[in-house]
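Please find below my notes on this model, set out as numbered points. They begin with one loop residue and then move on to the wider fold.

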Amino acid sequence: MAKLELRELGNTGLKLSCVGFGASPLGNVFGTVSEEEANASVREAFRLGINFFDTSPYYGGTLSEKVLGKALKALGVPRDNYIVSTKCGRYAEGFDFSADRVTKSIDESLARLQLDYVDILQCHDIEFGSLDQVVNETIPALQKLKEAGKIRFIGITGLPLGVFTYVLDRVPPGAVDVILSYCHHSINDSTLEDLLPYLKSKGVGVISASPLAMGLLTESGPPHWHPASPELKSACQAAAAYCKEKGKNISKLAMQYSLSNKDVSSVLVGMNSIRQVEENVAAAMELATAGKDEETLLEVEAILKPVKNQTWPSGIQQS
Ligand code: NAD
């Protein structure tokens, strides 16, 4: 069987599967998922070559970390066979990027995940905190966790792309190993592309999350809390319906779109069933052998053109 492609993550030396397992659905963020379904999804993902799993204490108020930890343990394989990232600074109770909180947070996460270390610890959605605090306090605190062996690499995540340049321009070289961007590298919004040369020049690894735009690019549509405008939601719905009518699947098209840029190390997609895992891995395998469905992609891009690169507000605060 052909293998799922592995890609280098910046200067970390890590090789991530090009399809990454987003575990927010395991915190019931997109509807209820039983522990059985969660375990089976993680097991199938690992069996098919996915080696990268992402979670956060925020997802389902710590539920995602607990469920993922249990499922990874049940694999019964050596710890270095998989790469785990979690986050700090964002919790069900609110945001706290202080050195004290993130230092406690990693111990809580490790206990829930049943792990001795995580590969990547990311400051979660930094636009909601003070970016200067992230630069001057949070990242130095994470540096100490690195020295203590509790984390291997440091990352930052957020929606507005400007937060990445703000932080990376102010920290010492090498202080941030990874950025995780979401909803900016999918068929409806490709604005991350413009930032890739800058990130490469800084030696920072790039993880791109939410290739399905958090459910917009699926046949069943987004969850009720999705922040997109009604206009964007209905354009995506029209695109999904168009694909279905043509015997195509919008989610497969969206996965292949995101996967086709190799400057993105891993495309992190939220999954909660064996079927979704199999479909998303199959999309990557097909892309590697047959390439993208350029014709349908052009048609879908035309449907989405009026809403291209439309995003939603996310309160950027720089000090
Ligand atoms: P996504 O775009 O990956 O969409 C997930 C939704 O699509 C879920 O409802 C899932 O069940 C469904 N889905 C998955 N595969 C499908 C398929 N083949 N067909 C139909 N539906 C399918 O959005 P996401 O889950 O928000 O993002 C992926 C992951 O990235 C998250 O789980 C999380 O780990 C990470 N993430 C991080 C941040 C952050 O750090 N700020 C933000 C967003 C996402």
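1. Val 204 touches Gly 10, Leu 168, Val 176, Asp 177, Val 178, Ile 179 and Leu 199, leaving aside residues up to four places away in sequence. This is a predicted model, and the contacts should be read as such. Val 204 sits in the loop between α6 (196-201) and β11. Although it is a loop residue, Val 204 counts as buried because it has 22 C-beta neighbours inside 10 Å, the threshold being 20 or more. Gly 174 is 30 residues away from Val 204 along the chain, yet their C-alpha atoms are separated by 7.9 Å.

2. Which strands make up the barrel, and in what order? The barrel is closed and has eight strands, running β3-β4-β5-β8-β9-β10-β11-β12, with parallel pairing. On average, neighbouring strands of this sheet are turned by 30° against each other, direction ignored. In general, strands of a sheet pair through backbone hydrogen bonds, either parallel or antiparallel.

3. Strand β12 pairs with two partners described here. Four bridges join β12 to β3 (residues 19-22), and the two run parallel. Within this pairing, Phe 21 is bridged to Val 269 of β12, and Gly 22 to Gly 270. Strand β11 (residues 205-209) is also parallel to β12, with three bridges between them. Here Ala 209 has Leu 268 of β12 as its bridge partner.

4. Is β12 enclosed or open to the outside? Five of the five residues of β12 are buried, so the strand is largely enclosed by the rest of the structure. Both faces are covered: Ser 266, Leu 268 and Gly 270 are buried on one side, and Val 267 and Val 269 are buried on the other. As a rule, side chains in a regular strand alternate between the two faces of the sheet.

5. Strand β8 (residues 118-123) is mostly covered as well, with six of its six residues buried. Strand β5 (residues 83-88) runs parallel to β8 and is joined to it by four bridges. Cys 88 has Cys 123 of β8 as its bridge partner; this is a statement about strand pairing. Strand β9 (residues 151-158) is also parallel to β8, over five bridges. In that pairing, Val 118 stands opposite Ile 151 of β9.

6. Which residues come nearest to the ligand? Of the 28 residues around the ligand, they are Gly 22, Ser 24, Ala 209, Leu 212 and Gly 270. Gly 22 and Gly 270 are also the bridge partners between β3 and β12. The elements that each supply at least two residues of the shell include β10 (178-182), β12 (266-270) and α9 (274-290). By residue class, the shell divides into 13 nonpolar, 12 polar and three charged.

7. Helix α9 contains Ala 284. Ala 284 is buried because 23 other C-beta atoms lie within 10 Å. Not counting residues up to four places away in sequence, Ala 284 touches Leu 4, Glu 5, Cys 18, Val 19, Met 255 and Leu 259. The C-alpha atoms of Ala 284 and Ser 258 are separated by 9.9 Å, with the two residues 26 apart along the chain.

8. The unreviewed UniProt entry annotates residues 19-284 as "domain: NADP-dependent oxidoreductase". Ala 284 is thus at the end of the annotated range. Over residues 19-284, the chain is 41% helix and 17% strand. The end C-alpha atoms of this range are 7 Å apart.

9. Two backbone angles deserve a look. Met 214 has a positive phi, near 55°, and is not a glycine. Met 214 lies in the loop between β11 and α7 (230-245), and counts as buried because it has 23 C-beta neighbours inside 10 Å. Asn 309, also not a glycine, has a positive phi of about 65°. Asn 309 is placed in the segment after α10 (294-304). Is Asn 309 buried or exposed? Asn 309 counts as exposed because it has 10 C-beta neighbours inside 10 Å, and the limit for that class is 12 or fewer.

Conventions:
Residues are numbered from 1 along each chain as its sequence is written. This is a predicted model: local features need pLDDT of at least 70, side-chain atom pairs count only at pLDDT 80 or more; totals for chains, interfaces and linings use all residues. UniProt positions are given in the numbering used here, feature names are shortened, and annotations may be inferred rather than shown by experiment. A residue is near a molecule or strand if its C-beta atom, placed from the backbone, lies within 6 Å of it. Ala, Val, Leu, Ile, Met, Phe, Trp, Tyr, Cys and Pro count as nonpolar, Asp, Glu, Lys and Arg as charged, and the others, Gly among them, as polar. Two strands pair if DSSP finds at least two bridges between them. Axes are lines fitted to C-alpha atoms, for helices over the stretch in contact, and angles run from 0 to 180 degrees between N-to-C directions. Two residues are in contact if their C-beta atoms, placed from the backbone, lie within 7 Å.
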